[in-house]
Amino acid sequence: ARSAYRVNLYQDSVIGGQTLKPGEYKVEVKGDKAVIKDGKRLIEADVKTEEVAEKYGNTSVRYVMSEGKASVQEIRVGGSAKKLVFQNAAGNQANN
């Protein structure tokens, strides 16, 4: 199943090791991958879609700071009970 969401980033944001400038982006989720198109660049990141108990009123982005950069940790999808959890964000890395 494939899903697409619109998200506004209000600051430089790191996803999949790439920095995105502030702006509106479409995030397509295909299985356990999120694909974001930035002009001619395609950025892929490992993502997990999680269901929560209550719908989110608005789409929001949760960040974790790493080495002075804002790394996207979660995108909470407004109007749905879904959140996209980015596996490679600094705070979400599996401990090896």
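Reader: Why is Lys21 called exposed?

Author: Lys21 has a relative accessible area of 52%, and exposed means over 50%, with buried under 20% and partly exposed in between (1.4 Å probe, protein chains only), so Lys21 is classed as exposed. The model is predicted, so local features need pLDDT of at least 70 and side-chain atom pairs count only at pLDDT 80 or more, while totals for chains, interfaces and linings use all residues. Residues are numbered from 1 along each chain as its sequence is written, and side-chain values use heavy atoms, with hydrogens and water left out.

Reader: What makes Lys21 and Asp12 a salt bridge?

Author: The closest N and O atoms of Lys21 and Asp12 are 3.6 Å apart, and a salt bridge requires a side-chain nitrogen of Lys or Arg within 4 Å of a carboxyl oxygen of Asp or Glu, so the pair qualifies. By this rule the count comes to 8 salt bridges.

Reader: Why is Asp12 called partly exposed?

Author: The relative accessible area of Asp12 is 38%, which lies between the two cut-offs, so Asp12 is partly exposed.

Reader: What makes Asp46 and Lys33 a salt bridge?

Author: Their closest N and O atoms are 2.5 Å apart, which satisfies the distance rule and therefore makes the pair a salt bridge. The pair links distant parts of the chain, with Asp46 in strand 6 and Lys33 in strand 5, 13 residues apart, where strands are DSSP runs (E, at least two residues) numbered from the N terminus.

Reader: Why is Ala53 called exposed?

Author: Ala53, found in the loop between strand 6 and strand 7 (60–66), has a relative accessible area of 84%, and is therefore exposed.

Notes:
Helices (H or I, at least four residues) and strands (E, at least two) are DSSP runs, numbered from the N terminus.
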